[in-house]
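Student: Got a minute to go through this model with me? I'd like to start with the aromatic rings.
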Amino acid sequence: MSLSSMPTCLASSSGLLRSSAQHHSSHACRLSLPPRTRFQRAARHASSAPANGSQGKHDEQRAHVLTVLHKTTALLPRILPNSRPGRNGISLRESLVFWDDVLGKVYEDLTLSPEKREKDRVRVVVYGVDGASGANELVTALLEDPFASDEQKQFLRSRWTTRPEGSRTVKLQYGTTASPDGDIVFVQSSWLQSFGMPIEITEFQPSSPILSPDAETAKTLFAADVPIILCDPISTPVTSILPVPTDPALPISRENTVFALHSPSPIELAAVHGSSLATQDALHVVFVDPTRALHGLDMLNNGAASPMSVQRYQDDVSGSNISSVTRAVKEILASSATASNVTPAARVVAAHARTGRALIKDALATCRAVLRKAELEGDAVLTGTSTLREQMEEVKAKVYLEVFGVESKDGDEIAKAVAQAKKRVQPTMDALQWYKLFWRVDDVREVVTGAVDRAWCRDLERKLVFHAGRLASLQSTLADSANALSRSFPPASAYHSPVLHNTLARLAAAPAYPLSATALTAPLRARQGQLEFPTERLHASAQRAVVGMSGSVLGGAGIAWAGWATELQLLGGMVDVGMSTETAVGAGMLCAAVGVRWAVGRWERAKRRWWKDWDRIGEGLDRDLKATLAQTMEDHVTVVPEIACSSLEGLVSKRKAETEELREEVQRLEADMGLRHGTETSN
């Protein structure tokens, strides 16, 4: 059974975007992949090859793959993390080093010299995800000819015994004589000659217990022209492999991969998993029982050449569905070289070109996944900053109500404090009657100043000192939250910023950063100081009133005395006011009364003017205290989280712009590969 074509899924990623500066620095240090200029030179050389018939078409395909390969390898360092796999949570599939090595192998395959190209082979890699997958049995069942000599059969089945201890792979190629040659085992198998091109099988020693493929194993699997991955659904659930895994790193999403499920009853297993695997359109899925196929071979080898043994062999081989693997491999290789009049070497190059296209698509899919993860990470950062900002706004709203209280008909706490102070100063001001000014005129300033000092918003001042202590605690809490947010990113993250950490530390260590107990009370002292001028002016008015009253009284007395002096001819008749005594006395009394009334009115107006200044200063105190609280919240309490949020939001904005630009480049390369692949398929 074969389910063709599974969609390429984006692998989850722990990698991060790097800035252009990081790209240049890391790019200069990488030596694993040939220089980018070699890709360009190879692409130009391939595109300039003469195009004659099918050979020219294959050269054109190879040139196109090399061109896109160059563009892809130039793009990868700008997206994939350059850290080694396993560090900072980076999976093997998301590592730049991994893709450099894998795509470097594609470059080598497509730029071989003519001499090496004649010896090149299509790479078929067989890998079992665990010890129960039956990879060893599958290779034996595929390569063993039922009528081969016993020596050849024994040599094939004992291929692992000739390998050095600790060896994880064995490579098998066709040879007329069954013999090992270094790392390669030559076997005489008709299966290796059934595809019209030279084949090399790389078989991995099954892992037991279940182990993830190491870096070298994963590179071999990804660089294979036809990777065959075997899985026993009982020991390894299919859901642990599908959809595309990042760890273990398996080329499970590629159209040239054969995914073989080991089952004693392939038809029943296909019915169970068929619905879930049918959505994987880019994958060749087969259900096989290699153990049953080997049992059929053993029945033919050990039994006499009877119709019964042949029938059992045919039943076991047919029931094992082992032929579905061969059909899948033929289908994959046939789609690589559509023309029949090309040489085997050209067919191998076509298979490598198809592998190159698949690897480029995988690399671009990984880039897309990394970009998506970077986008999600940016969203997570914005979520963190939004949460911190909500906390800041909530603190501001609560602090305003806690410090100044709820507005009522009597006003807030400030208005109540000013009104209470006015009530306390009122008796002192009322006690300063005009007739007491004669003996208290020099004490007016001291009396009024003392009354203001005793009454000026003492309760409000104590409340402000208390709330200043609470603001210091809130300041520490918000600063801890900001530091926790800025340090929550791993060192490899684009949002891990030592510069931001240093900035926040400098702000917290600044001499002006800590909140003192008098942080909110400065307007009280400043506004109380503004009462000094009105008080001084009131004192001057008192002095002028006393002088005016005294002058009026003395002037009136002088006029009355002058009238009596005229009447009595005092001073030898030198004083003559020209009026009678009664008139002079009346005029003097009127003068004194008018002067006193003027002085009393002037004093009362001075006191009313002083109360107007009091009210004006009280209104200003309300504005100043609210402005001071807002300024204190901005400059002290929320300055650290505000800087943290603004800096992180700036990084997110910059990162999203870079991500969008890189995503467009990935889309252009994907479109180029898709359009080219569609043209080749139609031809």
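Student: How many aromatic pairs does the structure hold?
Tutor: The structure holds 11 aromatic pairs. Rings of Phe, Tyr and Trp (its six-membered ring) pair if their centres lie within 6.5 Å; planes under 30 degrees apart are stacked, over 60 edge-to-face, the rest tilted. Take Trp-610 and Trp-611: their planes stand at 80° with ring centres 5.0 Å apart, so this pair is edge-to-face.

Student: Before we go on, what kind of model is this, and how is it numbered?
Tutor: It is a predicted model: local features need pLDDT of at least 70, side-chain atom pairs count only at pLDDT 80 or more, and totals for chains, interfaces and linings use all residues. Residues are numbered from 1 along each chain as its sequence is written, and side-chain values use heavy atoms, with hydrogens and water left out.

Student: Back to the rings. Are Trp-610 and Trp-611 buried or exposed?
Tutor: Trp-610 is buried at 0% relative accessible area. Trp-611 is buried too, at 12%. Buried means under 20% relative accessible area, exposed over 50%, and partly exposed in between (1.4 Å probe, protein chains only).

Student: Which pair do Trp-611 and Trp-614 form?
Tutor: An edge-to-face one, with 5.7 Å centre to centre and 70° between the planes. Both residues lie in helix 21 (residues 581-637), 3 residues apart, about one turn of the helix. Helices here are DSSP runs of H or I with at least four residues, strands are E runs of at least two, and both are numbered from the N terminus. Trp-614 is buried, with a relative accessible area of 0%.

Student: Which residues make up the cluster?
Tutor: Trp-456, Trp-610, Trp-611 and Trp-614 are linked by ring pairs into a cluster.

Student: Switching to charges. How many salt bridges are there?
Tutor: The structure holds 33 salt bridges. The criterion is a side-chain nitrogen of Lys or Arg within 4 Å of a carboxyl oxygen of Asp or Glu.

Student: What does Arg-78 bind to in a salt bridge?
Tutor: Glu-665, with the closest N and O atoms 3.0 Å apart. This pair links distant parts of the chain, 587 residues apart: Arg-78 is in the loop between helix 3 (53-75) and helix 4, and Glu-665 is in helix 22 (residues 639-682). Arg-78 is partly exposed at 24% relative accessibility, whereas Glu-665 is buried at 16%.

Student: And what is the partner of Arg-93?
Tutor: Asp-362, with the closest N and O atoms 3.8 Å apart. This pair also links distant parts of the chain, 269 residues apart, with Arg-93 in the loop between helix 3 and helix 4 and Asp-362 in helix 13 (residues 344-404). Both Arg-93 and Asp-362 are buried.

Student: Which residues are linked in a network of salt bridges?
Tutor: Arg-372, Glu-375, Glu-660 and Arg-663.

Student: Where do Asp-109 and Lys-105 lie?
Tutor: Both are in helix 4, 4 residues apart, about one turn of the helix. They form a salt bridge, the closest N and O atoms being 3.8 Å apart. Asp-109 is buried at 6% relative accessible area. Lys-105 is partly exposed at 32%.

Student: Next, the largest pocket. Which residues lie nearest its centre?
Tutor: Lys-105, from that salt bridge, is one of them; the others are Arg-123, Lys-171, Glu-200 and Thr-220, out of 22 lining residues. On a 1 Å grid over the protein atoms alone, a pocket is an open set of points with protein on both sides within 12 Å along at least five of seven lines, and lining residues have an atom within 4 Å of a point.

Student: Which elements supply the lining?
Tutor: Helix 4 (96-110), strand 2 (169-174), strand 5 (199-204) and helix 8 (215-223) each supply at least two residues.

Student: Last topic, strand 7. How many of its residues are buried?
Tutor: In strand 7 (residues 258-262), 5 of 5 are buried. Val-258, Ala-260 and His-262 cover one side, and Phe-259 and Leu-261 the other.

Student: How does strand 7 pair with strand 8?
Tutor: Strand 8 (residues 284-288) pairs with strand 7 in the parallel sense over 5 bridges. Two strands pair if DSSP finds at least two bridges between them. Leu-261 stands opposite Phe-287 in strand 8. Strand 6 (residues 226-231) also runs parallel to strand 7, joined by 4 bridges.

Methods: 1 Å grid on protein atoms, 1.4 Å probe; cavity = no way out; pocket = protein on both sides within 12 Å on 5 of 7 lines; lining within 4 Å.
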